[in-house]
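Q: Here's a model I'd like to understand before I plan around it. Please pick one part, give me a close look at it, and then show me how it fits in with the rest.

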Amino acid sequence: MADVHGLSQTTVCNVLKRVTIAIARLRPHYIAFPNNVELDSVKARFLNIAGFPNCVGAIDCSHNRIIGHGDNGQRFINRKGWSSINVQAVSDTNHTFVNIVAHWHGSVHDSRIFNNSLLKQKFGDIDRLLIGGSGYPCLPYLMTLLLNPRDDADNRYNRALCSTRNLVECMFGIWKRRFPCLTYTLRFKDIRASLAVIVAAAVLHNIAVAEREPNFNDDLDDPQPPLRINGVQNGRGNAVGRAMIQQYFS
């Protein structure tokens with residue numbers, strides 16, 4: 001960019017930083033959880049996907065690759081052996097962000113991010129649920145897959161949850177194809193710049209979805225992942241999960 005426009009690299013970097021921060025600050029306007037008035041319609045849209053009741057969001061984490069950061073770099077190295085920011089997000093049925101947490105090191109587990117998030121503090125009402133993957137505990141307001149399904153009702157529950165949770169995985173895929181820097185490596189020496197880019201990209205993604213901009217490389221959309229049972233949390237571990245299976249999937 002500096003060469004094309006006859007500017008110094010420092011000038012371009014400063015402009016990029018200022019614009020990125022300005023976009024990231026728009027997060028409250030474009031990334032927001034549905035309010036109480038919207039909840040019933042949100043639940044209905046999730047129910048129409050695979051019959052999973054009372055769901056208002058699908059939650060998951062995704063690693064965004066960054067460059068190493070010297071002596072403090074070890075804490076950024078994730079379980080796959082490369083440096084990253086572990087980003088937690090909640091998707092709605094339109095593959096848009098309704099919540100994002102983008103400041104944890106790659107070595108931090110998904111469940112720790114959730115346990116320390118403002119999102120968890122807001123979920124005390126069992127009339128609205130999140131659905132998550134194996135990285136999350138099964139809670140009265142957070143449903144996960146059954147570890148050992150015992151009957152047809154358990155299997156129906158697992159299939160409905162897996163199909164619905166696929167929304168957040170697809171959202172991450174679309175987001176990263178729209179902004180390839182998230183798939184490759186954010187090369188900022190200042191970690192705060194990387195965090196700002198991640199949030200700004202989420203804001204721009206939501207704007208693109210709202211404006212019905214085409215997704216990049218739609219032909220590369222990942223197929224729905226197979227139903228994985230081994231090694232995940234047991235959804236029967238709480239009364240809400242048991243009651244849900246009995247009422248909706250038996």
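A: First, a word on how the elements are named: helices and strands here are DSSP runs, with at least four residues for a helix and at least two for a strand, numbered from the N terminus. Counted that way, the chain has nine helices and five strands. Keep in mind that this is a predicted model. Going along the sequence, you read the pattern α-α-α-α-β-β-β-α-α-β-β-α-α-α. The chain has 250 residues, and 47% of them count as buried.

The part I'd zoom in on is the stretch around α7 and α8, starting with the loop between them. That loop, between α7 (152–178) and α8 (191–210), is where D190 sits. Which residues does D190 link up with through salt bridges? K17, D190 and R192 are linked in a network of salt bridges. In the pair of D190 and K17, the closest N and O atoms are 3.9 Å apart. The cut-off for a salt bridge is within 4 Å, and this pair comes in at 3.9 Å. K17 belongs to helix α2 (residues 9–24) and D190 to the loop, so this salt bridge ties together parts that are 173 residues apart in sequence. For the pair of D190 and R192, the closest N and O atoms are 3.1 Å apart.

How open to the outside is this network? D190 is partly exposed, with a relative accessible area of 24%, and K17 is also partly exposed, at 41%. R192, at 62%, is exposed.

Now compare that with a salt bridge made by α7 itself. R165 pairs with D60, with 3.4 Å between the closest N and O atoms. R165 lies in helix α7 and D60 in strand β1 (residues 55–65), so here the pair ties together parts that are 105 residues apart in sequence. Buried or exposed? R165 and D60 are both buried. A search of the whole structure finds four salt bridges, and the pairs described here are among them.

Next, the two helices on either side of that loop. The axes of α7 and α8 come within 10 Å and cross at roughly 105°. Angles of 65 to 115 degrees count as roughly perpendicular, and α7 and α8 are therefore roughly perpendicular to each other. Which residues make the contact? From α7 you have M171, I174, W175 and R178, and they meet I198, A201, A202, H205, A208 and V209 in α8. By class, this contact of α7 with α8 comes to eight nonpolar, one polar and one charged residues.

Then there's the sheet. It is an open one of five strands, in the order β3-β2-β1-β4-β5, with mixed pairing. β3 (97–105) and β5 (142–143) stand at the edges with a single partner strand each, so one side of each has no neighbour in the sheet. Strand β2 (residues 84–91) runs antiparallel to β3 and is joined to β3 by six bridges. In one bridge between β2 and β3, I85 is partnered by H105 in β3. Helix α4 (residues 39–50) lies across β1 and β2, at about 75° to β1. α8 also packs on the sheet, where it touches β1, β2 and β3, and its direction makes about 165° with that of β3. In other words, α8 has contacts both with α7 and with the sheet.

Two loops next to these strands have a backbone detail to look at. Most residues other than glycine have a negative phi. N54, in the loop between α4 and β1, has a positive phi of about 60° although it is not a glycine. H95, in the loop between β2 and β3, is likewise not a glycine and has a positive phi of about 60°. As for accessibility, N54 is partly exposed at 27%, and H95 counts as partly exposed at 22%.

Finally, the chain-wide view of contacts. Taking contacts between residues at least 6 apart in sequence, 69% join residues at least 24 apart. The pair of D190 and K17, at 173 residues apart, and the pair of R165 and D60, at 105, are cases of parts far along the sequence being tied together.

Technical notes: Residues are numbered from 1 along each chain as its sequence is written. This is a predicted model: local features need pLDDT of at least 70, side-chain atom pairs count only at pLDDT 80 or more; totals for chains, interfaces and linings use all residues. Side-chain values use heavy atoms; hydrogens and water are left out. A salt bridge is a side-chain nitrogen of Lys or Arg within 4 Å of a carboxyl oxygen of Asp or Glu. Buried means under 20% relative accessible area, exposed over 50%, partly exposed in between (1.4 Å probe, protein chains only). Axes are lines fitted to C-alpha atoms, for helices over the stretch in contact, and angles run from 0 to 180 degrees between N-to-C directions. Angles under 35 degrees count as roughly parallel, over 145 as roughly antiparallel, 65 to 115 as roughly perpendicular and the rest as oblique. Contact means heavy atoms within 4.5 Å. Ala, Val, Leu, Ile, Met, Phe, Trp, Tyr, Cys and Pro count as nonpolar, Asp, Glu, Lys and Arg as charged, and the others, Gly among them, as polar. Two strands pair if DSSP finds at least two bridges between them.
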